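Reader: Hey, got a minute to look over the hollows in this protein with me? Please pull up the model.

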Amino acid sequence: MSKHLCSYSLIIKKLLEAVLLNAGAIDSINLNTGKLGLSLCLFEVAKCVNDELVEDTAFNLLQEVLALRQKGKKVKPMEIGFVLLYLIENRLIEADFDELFKEDTERLLSAIRALSPYSEVYLDFIPFLSLLWKLKKESATRQLAVEILDGSVLSLEHQFNRMQTTRTTSDIQKWESSFEHYLKASSLVDDYTIPLSTLEYYVALYQQGRIPNRFATGFYIEKFVPNNKKLHSFGKMIQEYAVQNTYPDIQTLDQRVNLLYLLKQKESIYKTQIEQLESALFDCDDSMYEKQIARMIPLTQSIIGYEAGIARLLLYWIYAENLYTQQDYKRFQYIFI
């Protein structure tokens, strides 16, 4: 037994039972709230617990999604492409990506290229493009990802300049959200360099007291500027202040899980904070446990979903239990981005 009220293995078993029990009743086939996301989750769990039944369930869910799509059921091609790439790249399934998805890939790439000029609204394409590049090593794919990131920089700069005159709260919140989205997407593209001027825009807004401390933003700023002492220290400061001003009682489940994922990579510094955040997620001996978890999930989300439900929590415990290596961190960042 762990220092918590139950062991990792017990909590994983309890959450896994909830996902398996309810997966068949989910109507949606999409990534965030449907069968596609549950399939990805269960493939990861199967690898961790070495359970053929779980793997078979994951495979059946994936097959069901592919079959329903063939019958005209709507699901975003990029979501299916992303999941297939993730599973193949990380050797969770053995399959030929081109055989399954070549025509869809060509259509997707053509559609993405037609969207130029790019802005931050296209950052959601980056995980798919990044995994596609990792699998096929075609330079044009990486270049397309870079063009989207560079277009996002120009968009962020334009918004920043406009904020110098408008100064509305909504503009600042939108910019902050877009900036963090840009940082996370940039972390998926190997050897991509963020312009220092873009980071300094954030510093300027922060020093003006116009944006709050956000751990993820500080985490990625520190990550991207290891040789810039000023910005490196600034990123660390943002993280420390953000942790001090974290209020778990008002966090949704996905907010808590996403923060824990980042904190876990700096466990030697934030061990106490990790234990505090995990505590409400660990008490599987409590008869009200599932209701406690459900209260953290927005009503608009699936209770067991990949984006903000039990599947996301299950993926976090799989990550935490196995003490993944730095290579695996790069793999899980596609999930917790």
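Reader: How many nonpolar, polar and charged residues are in the lining of the largest pocket?
Author: By class there are 27 nonpolar, eleven polar and ten charged residues in that lining. Keep in mind that the model is predicted.

Reader: OK, and what's the volume of the largest pocket?
Author: The largest pocket comes to about 1700 Å³. Its lining is made up of 48 residues, and the closest to the centre are E180, K184, D254, N258 and I337.

Reader: Which helices supply at least two residues of that lining?
Author: α4 (77-89), α6 (126-136), α8 (169-186), α10 (215-224), α12 (253-264) and α16 (326-336) each do that for the largest pocket.

Reader: Switching to cavities: how many of 30 Å³ or more does the count give?
Author: The count is one cavity of 30 Å³ or more.

Reader: How much space lies in the largest cavity?
Author: About 60 Å³. Two elements, α6 and α7 (139-166), give two or more residues to the lining of the largest cavity.

Reader: Which element has the largest share there?
Author: α6 does, with four residues in the lining of the largest cavity.

Reader: And which residues line the largest cavity?
Author: L129, S130, W133, K134, T141, R142, A145, L188, V189 and D190.

Reader: What's the split by class for that cavity lining?
Author: The lining of the largest cavity has five nonpolar, two polar and three charged residues.

Definitions and conventions: Residues are numbered from 1 along each chain as its sequence is written. This is a predicted model: local features need pLDDT of at least 70, side-chain atom pairs count only at pLDDT 80 or more; totals for chains, interfaces and linings use all residues. Side-chain values use heavy atoms; hydrogens and water are left out. On a 1 Å grid over the protein atoms alone, a cavity is a set of points where a 1.4 Å probe fits but cannot get out, and a pocket is an open set with protein on both sides within 12 Å along at least five of seven lines; lining residues have an atom within 4 Å of a point. Grid points are joined across faces, edges and corners, and a volume is the space filled by probe spheres set on the points. Ala, Val, Leu, Ile, Met, Phe, Trp, Tyr, Cys and Pro count as nonpolar, Asp, Glu, Lys and Arg as charged, and the others, Gly among them, as polar.
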